[in-house]
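I set out to record where the ligand lies in this model and what surrounds it. The entries below follow the order in which I looked things up.

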Amino acid sequence: MQNAAKNIILTGFMGTGKTTVGKVLAEKLCRDFIDTDHLIEKRQGMTIPEIFATLGEPAFRQMEADIAKELGKRDGLVISTGGRLMLDPDNVAALGANGRIFCLVATPREILSRLQRDKENHRPLLDVPDPHQQIVKLLEERTKGYQQFLKITTDGKHPQDVAKTLLAMCNEPLSNKSINTQ
Ligand code: S3P
């Protein structure tokens, strides 16, 4: 089995399916799953919007950088990262050193529709009068950064199918548990 212990890291814009797919993938591989946003929220005892509002975005980005360093020292994890975390070269160096990185991709329309359905997680960067336009603008700014990673489109695809594609790309066999439950 190749790279069995390496972390699998999911990056990509907000709403591309990193958390949903990451959980499915972790279950299939019987690995622990970590979502960096949720880890930060748990440790701070605050939601992301509260962190942005009270401590500011730079403080949040520093927390992401600290977590990238910390998780880069662990292995065997499936990690879903906040949409901008892997656009910082220092974070890629820290987290990517011990991981395979995949970038999930979706169209602005699909992203907006998913985020509008996500009632649990609020994205402060999209707190603007025209969130669709903001998504297009941010995607344009970030396209070059996301280009460096292997990409998988998630538009119109079931998370299970995206996870299967990722598994094939990782060249890791399914665990017995997941074969039985499929
Ligand atoms: C952000 C993405 C969010 C979260 C924060 C900022 C971004 O994570 O980290 O709201 O700048 O793209 P998700 O990609 O999980 O939504």
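Before noting any volume, I fixed the terms: a pocket is an open set of points on a 1 Å grid over the protein atoms alone, with protein on both sides within 12 Å along at least five of seven lines. Its volume is the space filled by probe spheres set on the points. I also note that the model is predicted.

Entry 1, the pockets by volume. I looked up the second largest pocket and found a volume of about 180 Å³. For the largest pocket I noted about 900 Å³ of space.

Entry 2, the second largest pocket. I listed its lining as Leu-112, Leu-115, Gln-116, Asp-118, Asn-121, His-122, Arg-123, Leu-126, Asp-127 and Pro-131. Helix α6 gives the most to this lining, with three residues. By class I recorded four nonpolar, three polar and three charged residues.

Entry 3, the largest pocket. I found 42 residues in its lining, and those nearest the centre are Gly-15, Thr-19, Leu-115, Asp-118 and Arg-123. Leu-115, Asp-118 and Arg-123 also appear in the lining of the second largest pocket. I then checked the helices: α1 (18–29), α2 (36–44), α3 (48–54), α4, α6 (108–117) and α8 (159–170) each supply at least two lining residues. Helix α1 contributes the most, with five. The lining divides into eleven nonpolar, 15 polar and 16 charged residues.

Entry 4, the place of the ligand. In which pocket does the ligand sit? I found the ligand in the largest pocket.

Entry 5, the shell around the ligand. I noted 14 surrounding residues, of which Lys-18, Asp-37, Arg-61, Gly-83 and Arg-142 are the closest. Helix α4, spanning residues 57–72, gives the most to this shell, with three residues. By class the shell holds five nonpolar, two polar and seven charged residues.

Entry 6, polar atoms at the ligand. I looked up three distances to oxygen atoms of the ligand. For Arg-61, a polar side-chain atom lies 2.8 Å from a ligand oxygen. For Arg-123, a polar side-chain atom is likewise 2.8 Å from an oxygen atom of the ligand. At Gly-83 the partner is a polar backbone atom, 2.8 Å from a ligand oxygen. I then looked up the cover of the ligand: taken alone it exposes 380 Å², and the protein buries 97% of that.

Technical notes
Residues numbered from 1 in each chain as written. Predicted model: local features only at pLDDT ≥ 70, side-chain atom pairs only at ≥ 80, totals over all residues. Heavy atoms only, no water. Near = heavy atom within 4 Å. Polar contact = N/O pair within 3.5 Å; in protein donor to acceptor, adjacent residues only side chain to side chain. Areas by Shrake-Rupley, 256 points an atom, 1.4 Å probe, with all protein chains shown as cover. 1 Å grid on protein atoms, 1.4 Å probe; cavity = no way out; pocket = protein on both sides within 12 Å on 5 of 7 lines; lining within 4 Å. Sits in = over half its atoms within 2 Å of the grid points. Helix = DSSP H or I, 4+ residues; strand = E, 2+ residues; numbered from the N terminus. Nonpolar A, V, L, I, M, F, W, Y, C, P; charged D, E, K, R; others polar.
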